[in-house]
2 protein chains.
Amino acid sequence: MTPARQNQPAGPRVVIVGGGFAGLACCRALRGTDTRVTMVDRQNHHLFQPLLYQVATAAMSPANVAAPIRKIVGRWKNVSVALGEATAVDPNARTLRVDDRDFPYDFLVLACGMTHAYFGHDSWAEHAPGLKTVDDALEIRRRILLAFETAELNDDEEARKAELTFVVVGGGPTGVEMAGAIKEIAAESIPRDFKRVDTRSARVVLLEGGDRLLAAYPPNLSERAREDLVSLGVEVRLETIATDIDADGVTLEHAGTSERINSRCVIWAAGLKAEPIGVSLGVETDPSGRVRVNHDLSIPGHPNVFVVGDQMGYDDPETGDPVPGVAQGAIQSGRFVGELIARQVRDSETRRRTFHYRDKGMMATIGRARAVARIGKMTFAGFPAWAMWSLVHIAFLIGFRNRLLAMIEWAGLYVFWSRGARLITGPRRRRP
Amino acid sequence: MTPARQNQPAGPRVVIVGGGFAGLACCRALRGTDTRVTMVDRQNHHLFQPLLYQVATAAMSPANVAAPIRKIVGRWKNVSVALGEATAVDPNARTLRVDDRDFPYDFLVLACGMTHAYFGHDSWAEHAPGLKTVDDALEIRRRILLAFETAELNDDEEARKAELTFVVVGGGPTGVEMAGAIKEIAAESIPRDFKRVDTRSARVVLLEGGDRLLAAYPPNLSERAREDLVSLGVEVRLETIATDIDADGVTLEHAGTSERINSRCVIWAAGLKAEPIGVSLGVETDPSGRVRVNHDLSIPGHPNVFVVGDQMGYDDPETGDPVPGVAQGAIQSGRFVGELIARQVRDSETRRRTFHYRDKGMMATIGRARAVARIGKMTFAGFPAWAMWSLVHIAFLIGFRNRLLAMIEWAGLYVFWSRGARLITGPRRRRP
């Protein structure tokens, strides 16, 4: 490489792949240490994933829920950033392949997260986009808003009904949040703006294969979430799976009988799999592609390679439970590895500890001013849960500017039912 | 068409094509009258064009400079909105073609504006995008930010120099604003975030074919704009034209000698032509495709068809000067036609007036806290002009929310040199 502009600190090279919660927490724990850290990501921004559905539902702009990685780590002198796609690891040569070059490392931390999984039905991806990136969110926003626009111009009653039918596949937090928000757009944000169609008649169907929503939550919160969605006007279909998705809608199956729902806007919130780079490590992965790690979160046979965040498959030895794929799991595992590497660089003889996940609870919103939350063994629902959710999420937003703007946009949404980010960008026509 | 949800007011059908300054001003003048107005646009949003360069240079989010047309006209009971591409007019049948349907009209107002013109070099479009739509701005933002990212990773000195060279073609207001803003990004906003390249060394070249920048301004302001740009570090090349643009840079010509500048980011701000729908009217157009209109802004032979805004070719009979392609020209001509139609609907015998353009002056910014402005015969430059520019543009921004957010984002930019919207979205690689 050409000479650096500034004198780089010396010390072992730590390469972190992924600028999400886990990667940033790891990087933060290594700031100011005697290491040379490189953050690799294929996006130039950290994404505050829990609020991405707000971009998809036109309540916020991408810049309110994402911040350039360079801006976050810019002050940390021992950290540099590389924009590129990491595709494979050679643990024996100790190199990481990024696009067409090899990055040598002394320590490697994979924090690549998860991507959509369509359970072998790759053709569904085109008709039912998932929600993981800013571009995903903009695409979903485009489809939702265009559905109302085309319905307004459509003379055919059947076609118009399909335009005004939205199907969300998967009853986890993302599915619950999306279904509630779409119904609110149709019922509260935009009816006045459409002169020919009554957007309040829009149908929102939420499909869940299991017998309750939010399977990771206590059953009473699952039921409360269902009740809240139903009272908003969302059709919640439990024990119902999608058997086919095409350009015109969804075929679903419930108790052995098949049904067809015509819809022009289907959203996938049902399945995730770990990013495939984990396979190149040559160690055991679970069925979702998560890499099985040791108690110190390193991989078997390579104590200098770690996997953290959603990409990691790890059962807490204290509870026997897997670490859930939530922000706290990512942050705690990322920080754990960052601190471990920092200690080891100071003292190579240091004994490695065992990672324990500290459960801080979980929360999900259901439309405006409603949410469900669990903190420890206590459960909350309705407005108190929503107020907690708002505080926690605003506090988390990275950077003062994002925090301030988010509060203002939310205040606007709450007071005026207004959705300021209602812009359709990208190709105008969904189907040419 | 299917029965409308609400009882539509009766009265003549007015179809307005284009939701820019001219179309909206026309629509506003017709609100609450005994007309049935349909606003047709291929975008769902009105765009505050004078601030679009701020999106392209990562200072603002699209939602801060654009507002959904439905939101603006939603309260006006006699106005409906149709999202679609108007492609042709049949003035004898009195129908407008929008996608695959015909809209009948009693009055038609074309306010379609301008698009980029590459003077017959259509292959340049791919390598030198222009700035007219939100998608254009996001594409330019992506290219500017990616240039720094790839330079940071590049080991080849020559290639890195090309990555850090930006060429803006055209020295009108957009070119001046873009060149100043790019130099500021490189010199002020991001140097700290890059560890290997010195972004302050980035080269910004502004090409202008004429002998001064801002040809529509008084010569002393043109010279001041040039001095301000040069003091920022922009290379201003007058009497210089681009003779070729390809993926690797620009070939230019000055005083008979040819020169090559290697650049991976070229921005087109040099030429515009009227949207081609005007040609379908079958009347005279000028070399830029503007439709020649009568003194009442109707077209010859069809007193119920009007052309307003940038798409209109009209010399004010008082001064003999053409109406300039600025926001004021669009707003005044749109309002004039809206009021004319409203009067004629009330009294079909009313005598039509002659349109006169009222020159309110013009202003352009050159980076942070510098601008040039002319109001009547008075000229202003430097901070006073910039303060005026800021006030005028904030006041113009449509909707309270945009106004407030814009002020906050600008305050952030001014105080912290921070660019909050520094997100690269869309396809990751410029060239596959």
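How far apart do the C-alpha centres of domain 1 of chain A and domain 2 of chain A lie? They lie 32 Å apart.

This is a predicted model, in which local features need pLDDT of at least 70, side-chain atom pairs count only at pLDDT 80 or more, and totals for chains, interfaces and linings use all residues. Residues are numbered from 1 along each chain as its sequence is written, and chains are lettered from A and ligands numbered from 1 in the order in which they are written.

**Confidence**

The predictor gives an ipTM of 0.81 and a pTM of 0.87 for the complex. For chain A the mean pLDDT (the predictor's confidence in each residue, from 0 to 100) is 89, and 89% of the residues reach 70 or more. Residues 1–6 of chain A have pLDDT below 50, and this stretch makes 10 contacts in the model beyond near neighbours in sequence. Residues 428–432 of chain A are also below 50, with four such contacts. A contact means that the C-beta atoms of two residues, placed from the backbone, lie within 7 Å. Where pLDDT is low, the predicted coordinates should not be read in detail.

**Chain A: composition and domains**

Chain A has 12 helices and 25 strands; these are DSSP runs numbered from the N terminus, helices being H or I of at least four residues and strands E of at least two. Of its 432 residues, 53% count as buried, meaning that 20 or more other C-beta atoms lie within 10 Å of the residue's own, with 12 or fewer counting as exposed, values in between as partly exposed, and C-beta atoms placed from the backbone. Among contacts in chain A with a separation of 6 or more, 64% join residues 24 or more positions apart.

The domain bounds, which come from an automatic or database domain assignment, give domain 1 (13–116 + 273–346), domain 2 (124–269) and domain 3 (365–415) in chain A. The contact between domain 1 and domain 2 of chain A takes 13 residues from domain 1 and 19 residues from domain 2. On the domain 1 side, α2 (52–56) and β10 (114–116) of chain A each supply at least two residues. α2(A) gives the most to that side, with four residues. The residues of the domain 1 side divide into nine nonpolar, four polar and no charged; Ala, Val, Leu, Ile, Met, Phe, Trp, Tyr, Cys and Pro count as nonpolar, Asp, Glu, Lys and Arg as charged, and the others, Gly among them, as polar.

Helix α1 (residues 21–30) of chain A is largely enclosed by the rest of the structure, because eight of its 10 residues are buried. The buried residues of α1(A) include Phe21(A), Leu24(A), Cys26(A), Cys27(A) and Leu30(A). After α1(A) comes Gly32(A), with a positive phi near 75°.

**Chain B: two open sheets**

Two strands pair if DSSP finds at least two bridges between them. The mean turn between neighbouring strands ignores direction; axes are lines fitted to C-alpha atoms, for helices over the stretch in contact, and angles run from 0 to 180 degrees between N-to-C directions.

| Sheet (strand order) | Mean turn between neighbouring strands |
|---|---|
| β6-β7-β8 (chain B) | 25° |
| β23-β24-β25 (chain B) | 10° |

In the sheet β6-β7-β8 of chain B the pairing is antiparallel. β6 (86–90) and β8 (101–104) of chain B are its edges, each with a single partner strand, so one side of each lacks a neighbour in the sheet. Strand β7 (residues 95–98) of chain B pairs with β8(B) over four bridges, and Val98(B) stands opposite Arg101(B) in β8(B).

The sheet β23-β24-β25 of chain B is likewise open, with antiparallel pairing. β23(B) and strand β24 (residues 371–375) of chain B pair over four bridges, and Ala364(B) stands opposite Val372(B) in β24(B).
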